[in-house]
Amino acid sequence: MSAINLINPHKHVVRGEAGMEETPKKAFQYGNTTVIIHSPLVLMTVQERKEWFKNEWEKGNPILKEIAAAVEACYRN
């Protein structure tokens, strides 16, 4: 497996839910693990999310471009 060089690599800082009180969130339970997603996207319908991603892609959202590059790299390796 090879490393993926992203333009702006994420810097992980543990801070719990600090500053996310007002962000819409949705929790999913997988066995003993709870995954909480903090994003307005969780409240959108499938069609609204498709439209949001389409609009953001057309605007050149750098985070979406980096995610796409990472997924593409996974398929190449």
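## A loop residue to start from

Asn61 lies in the loop that sits between H1 and H2. Its relative accessible area is 15%, so Asn61 counts as buried, the cut-off for that label being under 20%. Bear in mind as you look around that this is a predicted model.

What does the side chain of Asn61 touch on the Glu56 side? The side chain of Asn61 makes a polar contact with the side chain of Glu56, at 2.9 Å. Asn61 also reaches towards the start of H2, where one of its side-chain oxygens comes to within 2.9 Å of the backbone nitrogen of Ile63. A polar atom of the Asn61 side chain also lies 3.2 Å from the backbone nitrogen of Leu64.

## The protein as a whole

With that loop in mind, here is the wider picture. There are two helices and two strands in the protein. Read from the N terminus on, the elements run β-β-α-α.

The protein has 77 residues, and 12% of them are buried. About 6800 Å² of the protein is exposed, and carbon and sulfur atoms supply 59% of that area. Take the contacts between residues at least 6 apart in sequence: 18% of them join residues at least 24 apart.

## Glu56 in helix H1

Helix H1 covers residues 46–59, and Glu56 is found in it. Is Glu56 buried or exposed? Its relative accessibility is 13%, so Glu56 counts as buried.

The side chain of Glu56 has polar partners that you can pick out in the structure. One of them is the side chain of Lys59, with a polar contact at 2.8 Å. Another is the side chain of Asn61, the loop residue we began with. If neighbours within four places in sequence are left aside, Glu56 is in contact with Asn61 and Leu64.

## Helix H2: a buried set and a surface patch

Helix H2 spans residues 62–76. How far apart are its end C-alpha atoms? They are 21 Å apart, which agrees with the 21 Å that 15 residues should span at 1.5 Å a residue.

Which residues of H2 are buried? They are Leu64, Glu66, Ala70 and Ala73. These buried residues pack against H1. Leu64 is already familiar, as one of the residues in contact with Glu56.

H2 also holds Tyr75, which counts as exposed because its relative accessibility is 73%. On the surface, Tyr75 joins Ile63, Ile67 and Val71 in a nonpolar patch. Together these four residues have about 450 Å² of accessible area.

## Thr23, before the first strand

Now move towards the N terminus. Thr23 lies in the segment before strand E1, which covers 25–30. With 26% relative accessibility, Thr23 counts as partly exposed.

Which residues does Thr23 touch beyond its neighbours within four places in sequence? Thr23 is in contact with His38 and Ser39. Pro40 is also worth finding: Thr23 and Pro40 are 17 residues apart in sequence, and their C-alpha atoms are 6.9 Å apart in space.

How values were computed:
Residues numbered from 1 in each chain as written. Predicted model: local features only at pLDDT ≥ 70, side-chain atom pairs only at ≥ 80, totals over all residues. Heavy atoms only, no water. Helix = DSSP H or I, 4+ residues; strand = E, 2+ residues; numbered from the N terminus. Buried < 20%, exposed > 50% of the residue type's maximum accessible area, 1.4 Å probe, protein only. Contact = heavy atoms within 4.5 Å. Areas by Shrake-Rupley, 256 points an atom, 1.4 Å probe, with all protein chains shown as cover. Polar contact = N/O pair within 3.5 Å; in protein donor to acceptor, adjacent residues only side chain to side chain. Patch = residues over 30% accessible without salt bridge, like charges linked within 9 Å, V, L, I, M, F, W, Y side chains within 5 Å. Salt bridge = Lys/Arg side-chain N within 4 Å of Asp/Glu carboxyl O. Expected span 1.5 Å × (residues − 1).
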